[in-house]
Structures are given as structure tokens and as C-alpha cells.
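Let's take a walk through this structure together, starting with one residue and working outwards. Keep the view open as you read.

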Amino acid sequence: MTIDHAHWAEYLLAGVDERVEVQAITKVVDELSIDDAYAIQAALLELQLARGDTLAGAKLGLTSAAKQEQMGVSEPVYGWVPAGSVLDSGDVVLDELIHPRCEPELVFLLAEDLAGPDVTAGDVLDATREVVGGIEVIDSRYEAFSFTLPDVIADNTSAARVAIGGDGVAPRDVDLTTLGCVFEVDGEVTGTATGAALLGDPAACVAMLANHLGRHGQKLEAGWLVMAGAATDARPLTAGTTATARYSHLGSVTVTGKG
Ligand code: OOG
Ligand code: MG
């Protein structure tokens, strides 16, 4: 069956625009290949860029056991970070979202391009200006936040918003695998992790993303931010909820649901 990528991109963007859940694409079509899913994701990004947004970076998802178990999907995914999704403050306007969740992220700020297919974790450290802490707000466009692997890829890996912390470290000044994160929601610790929760090494995750893009004739670019994926499970962000990610070496980042 031929998949109309532009059609499914419009379908997902309508979910974003109207703040409504849509049916998972795999509930509607007989088969959705991973290649088709990335093609829908690319078409969705095209639509966002055509509206005047720009690209701020890229992201990985489902790189930790905590996330894979929570979502029932056991493979990492790759997506895009539009500039319009980067928050200026920790306030998250809930009216603009469907059923947001928040999760801690290690964020690589790149000083140099990284072009696959042979990028290593060491190359990632060399190309990174700083690693900072962040909190990603994910907002699957699908009913009940439920999806299969190709669905979540098509939906740009649930990307919605991201808050970036101010305290960075040079990537070789700390051991990213032992860098710690305590995630708290309304003062209660909901998860703790070290960088090694991300497939053993966050820099290796970023290398995987660079190599994935390399296979599609694309690269990670200097000036971009790259999220390595959440190391704990995600928690609902509702009105008045405050979530804080406290990192060793990277200070803390807080978001609050407004609405
Ligand atoms: C998919 C997005 C996953 C992460 O950090 O694991 C992600 C989802 O859980 O909806 O961004
Ligand atoms: Mg994430």
C-alpha cells in the first residue's frame, strides 16, 4: 500500500493546531514502514518550516529502559526540534497542548557539524561546546498517548516544548555516564538516573543520531541543540504542576504548567 506522506503530515499538524488527539496512523492503515514514518516526519517538519519556524536542533527518544518500558516501544527514535518549541521561560502554556508530559533531558549544544555514518562518541564530545540540563515537554498527538514505533516516529517523537538550563559544562570536564539527575514533580522525587541510563552513554546516543541522519544524507549542525532522550519516565504536566530536574554539575531546570 502506498502511504501518502503529505496527507499524514497534515493529519498530525491538525492535531497540533486543534489540540486534539488523533487516531494512531497504524490503526488506520494496514502497514506503516519505518521509512514511511520518517518520510511523514520530514513532511511534517516541512509544513512547520513553511509556516516560518526554523530548525533549532534534533532529538533522540526512547534511549532509556525507563522510557522504553513506559511507552512499550523498545527502540530509539529520532526527531526534530523546531525553534518555536524552545521555551523562553519555565512556563508551559497548557492551552496550546493536548495532554503534555515532562521529562528530564541532557542537551548537547554543538559547536561543529557532525556528519555520519561513522560518528563516534568521541567525535560527539569533540564537536560539543557544552552539555546543559533540560526538561522536554512531550505531547503525543495520539489518543491516550499510545502508539507503535512507526506512529511515534511519524509524530516527530511526540516533541512539543523544551526548557534549556543555563549552567553548562564542557563535555570532557565531566563524566557524562555518571552525571546524575533527580527528577521531582511537585516536590516529590519521581525518578533518578545517571547519564549511563541512556544506552550506556549519552554521547553514544548523539553519535547514533548523527549516523542515522548520515544515512538520510543529513547531518547535525553547528549551533544546534541535541537532546539525548529522557533517562527517567515522563510525568503528566497539568495546571499548577511544577517539575524540576536537578543535575550534578548542570544546576537545575524547572517547568510549570500554566492554564
Ligand atoms: C516518545 C518521545 C520519547 C524521550 O526522551 O524518550 C522521548 C514518547 O515518549 O512519547 O522524547
Ligand atoms: Mg524526550
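Look for H212 in helix α6, which covers residues 202-215. Is H212 buried or exposed? With a relative accessible area of 6%, H212 is buried, because anything under 20% counts that way. As for company from elsewhere in the chain, leaving aside neighbours within four places in sequence, H212 is in contact with Y38 and Y78. Bear in mind as you look around that this is a predicted model.

Now hop over to G168. You'll find G168 in a loop, with β6 (159-164) on one side and β7 (180-185) on the other. What about its cover? G168 has a relative accessible area of 27%, so it is partly exposed. If you set aside residues up to four places away in sequence, G168 touches E130, V131, V132 and L250. For a sense of distance, try D36: it sits 132 residues from G168 along the chain, and the C-alpha atoms of the two are separated by 37 Å.

Next comes the metal. Which residues hold the magnesium ion (ligand 2)? They are E103, E105 and E136, each coordinating through OE, at 1.9 to 2.0 Å. Read along the sequence, these donor residues follow the spacing E-x1-E-x30-E. Two of the donors can be checked for burial. E103 has 3% relative accessibility, so it counts as buried. E105 comes in at 1%, so E105 counts as buried too.

Time to zoom out to the whole protein chain. Its secondary structure adds up to 6 helices and 12 strands. The radius of gyration is 17 Å, close to the 18 Å that the globule rule gives for 259 residues, so the chain is as compact as a globular protein of that length. Measured out along its principal axes, the C-alpha trace spans about 50 × 45 × 35 Å.

What share of the 259 residues counts as buried? The figure is 54%. Contacts tell you about the fold as well: among those between residues at least 6 apart in sequence, 75% join residues at least 24 apart.

Finally, the outside and the charges. The accessible surface of the protein chain comes to about 10400 Å², and 47% of that belongs to carbon and sulfur atoms. On the charge side, the chain carries 15 positive and 39 negative side chains. The centres of those two sets lie 4 Å apart.

Methods: Residues are numbered from 1 along each chain as its sequence is written. Chains are lettered from A and ligands numbered from 1 in the order in which they are written. This is a predicted model: local features need pLDDT of at least 70, side-chain atom pairs count only at pLDDT 80 or more; totals for chains, interfaces and linings use all residues. Side-chain values use heavy atoms; hydrogens and water are left out. Donors are N, O and S atoms within 2.8 Å of the metal (3.2 Å for Na, K and Ca); water is not among the atoms, so sites may look incomplete. Buried means under 20% relative accessible area, exposed over 50%, partly exposed in between (1.4 Å probe, protein chains only). Helices (H or I, at least four residues) and strands (E, at least two) are DSSP runs, numbered from the N terminus. The radius of gyration is taken over C-alpha atoms; the globule rule is 2.2 Å times the number of residues to the power 0.38. Contact means heavy atoms within 4.5 Å. Accessible areas come from the Shrake-Rupley method with a 1.4 Å probe; for residues, only the protein chains shown count as cover. Lys and Arg count as positive and Asp and Glu as negative; His and the chain ends are not counted. The place of a charge is taken as NZ of Lys, CZ of Arg, CG of Asp or CD of Glu.
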